[in-house]
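Work through the following exercises with the sequence and the model side by side. Each one sets a task and then solves it step by step.

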Amino acid sequence: MIAGIPHATGDKVERVRADFPILATRTSKGKPLVYLDSAATSQKPRSVIDAISHYYEDYNANIHRGVYEIAERATDAYEAARKRAAVFFNAASTDEIIFTRNATESINLVCYTWGFEHLGAGDGILLTRLEHHSNIVPWQLLAAKTGAELRFLELDEQGRVALDDLEQKLQGTKLVAITQVSNTLGTIVPLEQIVPAAHAAGATVLVDGAQAAPHMSVDVQALDVDFYAVSGHKMLAPTGIGILYGKRALLEAMPPFLAGGDMIRRVTYDRTTYNELPWKFEAGTSNIAGGIGLGAAVEYLEGLDMAWVREHEVALTAYALERLAEVPHLTVYGPKRAEERGGVAAFTMGDAHPHDLASILDAEGVCIRAGHHCTMPLHERLGLTATARASFYVYTTFADVDALIEALEKAARIFKL
Amino acid sequence: MDELFYREYILEHYRSPHNYGHLENPDISAEDDNPLCGDRIRVDLKVEDGRIADVRFEGKGCAISQASASMLTDVVKGMTLHDTLRLGKDEIMENLGAETLAAARIKCATLGLKVLKAAAMRALERAAEAEEQHP
């Protein structure tokens, strides 16, 4: 253990780990599970798993319709989850929290409603070079249909977003669509500088919060973002539930996305009037269990305190960067200082391909991601086809990092590096 | 997967692949990739009397994909095009000396075979077309 890491982190993380049933399991080879792929999806605490089972076992019913007791309970639990999420992200109103399937759907919702209404030929859409495919491809589709233009904020040699030409790139830009934390390099994007400049230039701002919302305190009003996209499954909730936050005035002026039940106020064979926010954007029966699970996940994170979550991950990342630097032939990509990055470390090791590394680590019970992590253009820019990536969360320990290093040393021996 | 899977000869094929490079005037070339991991393989064939007279491959990617392709080129030299189409996963696993492989990695292991079969198929189609035109 290196100096300067608070031991309190270690005590608390052991209590946290006890809440996650999967962390007590072993692989088929009898190895303890060392889960270092939380940037792909997080593990789930007992309270989230229980909240989902509890709904299915005790009050499973459709919401917003039934007048009987369990239907009311289901509606209340689902809407309570929305309320909890609104408080967690400090939205001005619960009506600004739209439940979606995931961050990808949240971004697509904005693209196909706000985007197609507001963006036309020659209008700029400003992204960073860090973006996940889910925040590139929708805009490419829109650009191909409307003639809007994609622009990119470049990166410096540490993978940090260069802001020197921000003003220039904002000229003619109508939408700034950027990630808050890179899922590959871990780079934290300086929203506090970009958002005010974007607004001053008359642009609307959408932030992909998939890798930020689980890991740091996010206040959408303080950030002053117009749209914020979240994936529940990366923040302890089940898969299939996400959030789109949008400022009320924008959401109200937007046409509906998907059409069907629940999003309507009144339907005749000729015309339809739409439901109020947030239900206007929630067509069809929602992922009720998922919403309730997300509520339980947010409650769990509130209990941990997001300031602690961030502090824990900075300490882990600092330790991981230091230990990874000791491994011969290993290169870590992204910002050098842990304070400038999220809890993720992408790396390569000599001529050992990341997929081979992941397979060798798998034999040791160490789960990492290998590939392009849905950032193919970023990898191409870095001159890489693939990287190995270890990512951390509330239940990750320094011992997990040690296990990673040990397994990498073994891989180095196998590859005779 | 067992660590033993990464046997010495797999790494030898990875670092010093057999039949690596291009053929000067190949009768058939084929290329494919596995976008999930960025593995890419190209195969050049020289065909004589329905047999693979010579073969070269070129590519980049993980040790499993590249070593597997390298071993495959040794196996198919001299083989009839029809026989190469009968090769499958089992033969590839036998080459590698592996009993099992994670599903995602089987795609790596069989990429070379997939490209080779595409080339063989095209060579056979071309031969059939030539037959039709000049029976």
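**Exercise 1. Determine the order in which helices and strands follow one another in chain B, and decide how compact that chain is.**

Solution. Read along the sequence, the elements of chain B come in the order α-β-β-β-α-α-α-α, which gives five helices and three strands, where helices (H or I, at least four residues) and strands (E, at least two) are DSSP runs numbered from the N terminus. The radius of gyration of chain B is 15 Å, close to the 14 Å that the globule rule gives for 135 residues, so chain B is as compact as a globular protein of that length; the radius is taken over C-alpha atoms, and the rule is 2.2 Å times the number of residues to the power 0.38. The C-alpha trace of chain B spans about 55 × 25 × 25 Å along its principal axes.

The model is predicted, and local features need a pLDDT of at least 70, side-chain atom pairs count only at pLDDT 80 or more, and totals for chains, interfaces and linings use all residues. Residues are numbered from 1 along each chain as its sequence is written, chains are lettered from A and ligands numbered from 1 in the order in which they are written, and side-chain values use heavy atoms, with hydrogens and water left out.

**Exercise 2. State what share of chain B is buried, and what share of its contacts joins residues 24 or more positions apart.**

Solution. Of the 135 residues in chain B, 46% are buried, where buried means under 20% relative accessible area, exposed over 50%, and partly exposed in between (1.4 Å probe, protein chains only). Among the contacts (heavy atoms within 4.5 Å) of chain B with a separation of 6 or more, 63% come from residues 24 or more positions apart.

**Exercise 3. Assess the confidence of chain A, including residues 1-8.**

Solution. Chain A has a mean pLDDT of 95, and 98% of its residues reach 70 or more; pLDDT is the predictor's confidence in each residue, from 0 to 100. Over residues 1-8 of chain A, however, the pLDDT is below 50, and this stretch has nine contacts in the model beyond near neighbours in sequence. Where pLDDT is low, the predicted coordinates should not be read in detail.

**Exercise 4. Identify the side chains that meet R84(A) in salt bridges, and locate them in the chain.**

Solution. A salt bridge is a side-chain nitrogen of Lys or Arg within 4 Å of a carboxyl oxygen of Asp or Glu, and the structure holds 36 of them over all chains. One partner of R84(A) is E299(A), at 3.9 Å, N to O; this pair links helix α10 (residues 288-304), which holds E299(A), with helix α3 (residues 69-88), which holds R84(A), across 215 residues. Another partner is E302(A), at 2.7 Å, N to O; because E302(A) lies in helix α10 of chain A and R84(A) in helix α3, this pair ties together parts that are 218 residues apart in sequence. With relative accessibility of 29%, R84(A) counts as partly exposed, as does E299(A) at 45%, and E302(A) is partly exposed at 32%.

**Exercise 5. Find where the salt bridge between R129(A) and E154(A) sits.**

Solution. The side chains of R129(A) and E154(A) meet at 2.9 Å, N to O. R129(A) is in the loop between β3 (124-128) and α5, and E154(A) is in the loop between β4 (149-153) and α6 (166-170), 25 residues apart. R129(A) is partly exposed at 22%, and E154(A) is partly exposed at 24%.
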